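Me: I'm new to this one and would like a friendly walk through its pockets and its charged pairs. Could we take it step by step?

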Amino acid sequence: MAAWLSPEERARAERFYRHEDRARYIESHAALRLILGRYRDLPPGEMAFEQEAGGKPVLIPAQRAGLHFNLSHSGSHALIGVSHCAPIGVDVEAIRPVGDPLAIVRAHFHPVEIASLARAPQDRQAPLFFRCWTRKEAVVKALGTGLALPLDGFSVDGPSPATIRWDGVDPASDGWSLIDLDIETDVVGAVAIPRPDHPCRLFRLPAHWTALA
């Protein structure tokens with residue numbers, strides 16, 4: 001799998017101190033190359049990337065042709081989003097202890113989200129925090145703005161598909177699709193696309209996915 005990666009990706013992988021982190025980086029980026037290569041009928045090692053102004057990775061123009069993607073990973077889980085119609089953002093998080101979730105939300109999130117989490121029983125606050133976090137991260141990654149978009153400048157409350165409410169002008173005036181993904185019992189994810197009512201399907205790579213190359 002490492003042979004599929006670019007020299008820059010292999011160098012970054014080598015900078016990970018822990019072997020498991022290095023292996024997860026290689027596997028997730030190799031899987032991304034495999035999936036995108038299937039869309040373009042190219043071997044994984046021939047996929048080439050560049051960065052937009054906000055730092056979001058994209059395919060080089062010769063391979064792009066309307067193909068958008070995004071990658072997220074948490075622990076041993078990776079989530080890859082692909083879209084033909086618009087930029088896409090995805091985020092995955094393993095639910096884990098985070099100290100005081102409500103304190104984090106009060107410091108960084110929108111007042112609507114603060115009120116929603118404050119009403120929840122204490123034993124539900126961590127799962128709800130990560131659900132909200134993945135939604136917000138997916139939106140930010142779809143926009144490709146990085147930290148330029150403050151997390152308290154919009155809310156992602158309500159059941160899936162969630163409603164995004166902006167304090168200013170909606171960056172995508174036609175509306176959004178923001179959908180929750182239940183990866184496993186203790187792993188949640190979200191996908192965001194700046195298009196209304198966009199369908200979303202979740203697939204899992206088979207155990208021996210490298211043989212698909």
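Reply: Happy to. Let's begin with a term: a salt bridge is a side-chain nitrogen of Lys or Arg within 4 Å of a carboxyl oxygen of Asp or Glu. Please keep in mind that this is a predicted model.

Me: How far apart are the closest N and O atoms of E50 and R64?

Reply: E50 sits in strand β1 and R64 in helix α3, 14 residues apart, and the pair links distant parts of the chain. A salt bridge needs a nitrogen and a carboxyl oxygen within 4 Å. E50 and R64 form one, with their closest N and O atoms at 2.7 Å.

Me: Is E50 buried, partly exposed or exposed?

Reply: Buried means under 20% relative accessible area and exposed means over 50%. E50 has a relative accessibility of 35%, so E50 counts as partly exposed. Its partner R64 has a relative accessible area of 25%, so R64 is also described as partly exposed.

Me: Which residues are joined with R131 into one network of salt bridges?

Reply: Start with D180, whose side chain meets that of R131 in a salt bridge at 3.7 Å, N to O. D180 lies in strand β8 and R131 in helix α6, so this pair ties together parts 49 residues apart in sequence. D182 forms a salt bridge with R131 as well, the closest N and O atoms being 2.5 Å apart, and D182 in strand β8 is 51 residues from R131. Through shared partners, the residues joined with R131 are R135, D180 and D182.

Me: Is D182 buried or exposed?

Reply: Its partner R131 has 17% relative accessibility, so R131 counts as buried. For D182 the relative accessible area is 54%, and the cut-off for exposed is over 50%. D182 is therefore exposed.

Me: How far apart are the end C-alpha atoms of α6?

Reply: Helix α6 has 22 residues, and at 1.5 Å a residue they should span 32 Å. After the helix comes G144, with a positive phi near 70°. The model agrees with the expected span, because the end C-alpha atoms of α6 are 32 Å apart.

Me: Which element gives the largest share of the lining of the largest pocket?

Reply: The largest pocket has a volume of about 1,300 Å³. Its lining has 40 residues, and the closest to the centre are I35, L79, I80, F203 and R204. Elements that give two or more residues include β4, β5, β8 and β9. The largest share, nine residues, comes from α2.

Me: How many residues of that lining are nonpolar?

Reply: Domain 1 (2–90) and domain 2 (95–193) each supply at least three residues of the lining of the largest pocket. By class, this lining has six charged residues and nine polar ones. The nonpolar residues number 25.

Me: Where does the second largest pocket lie?

Reply: This pocket has a volume of about 920 Å³. Of its 32 lining residues, the closest to the centre are R12, H29, Q51, P57 and L71. Both domains give residues to the lining, so the second largest pocket lies between domain 1 (2–90) and domain 2 (95–193).

Me: Which element gives the largest share of the lining of the second largest pocket?

Reply: By class, this lining has 10 nonpolar, 12 polar and 10 charged residues. Elements that supply at least two of them include α1, α2 and α6. The largest share, six residues, comes from β3.

Technical notes. Residues are numbered from 1 along each chain as its sequence is written. This is a predicted model: local features need pLDDT of at least 70, side-chain atom pairs count only at pLDDT 80 or more; totals for chains, interfaces and linings use all residues. Side-chain values use heavy atoms; hydrogens and water are left out. On a 1 Å grid over the protein atoms alone, a cavity is a set of points where a 1.4 Å probe fits but cannot get out, and a pocket is an open set with protein on both sides within 12 Å along at least five of seven lines; lining residues have an atom within 4 Å of a point. Grid points are joined across faces, edges and corners, and a volume is the space filled by probe spheres set on the points. Helices (H or I, at least four residues) and strands (E, at least two) are DSSP runs, numbered from the N terminus. Ala, Val, Leu, Ile, Met, Phe, Trp, Tyr, Cys and Pro count as nonpolar, Asp, Glu, Lys and Arg as charged, and the others, Gly among them, as polar. Domain bounds come from an automatic or database domain assignment. The expected span of a helix is 1.5 Å times one less than its number of residues. Buried means under 20% relative accessible area, exposed over 50%, partly exposed in between (1.4 Å probe, protein chains only).
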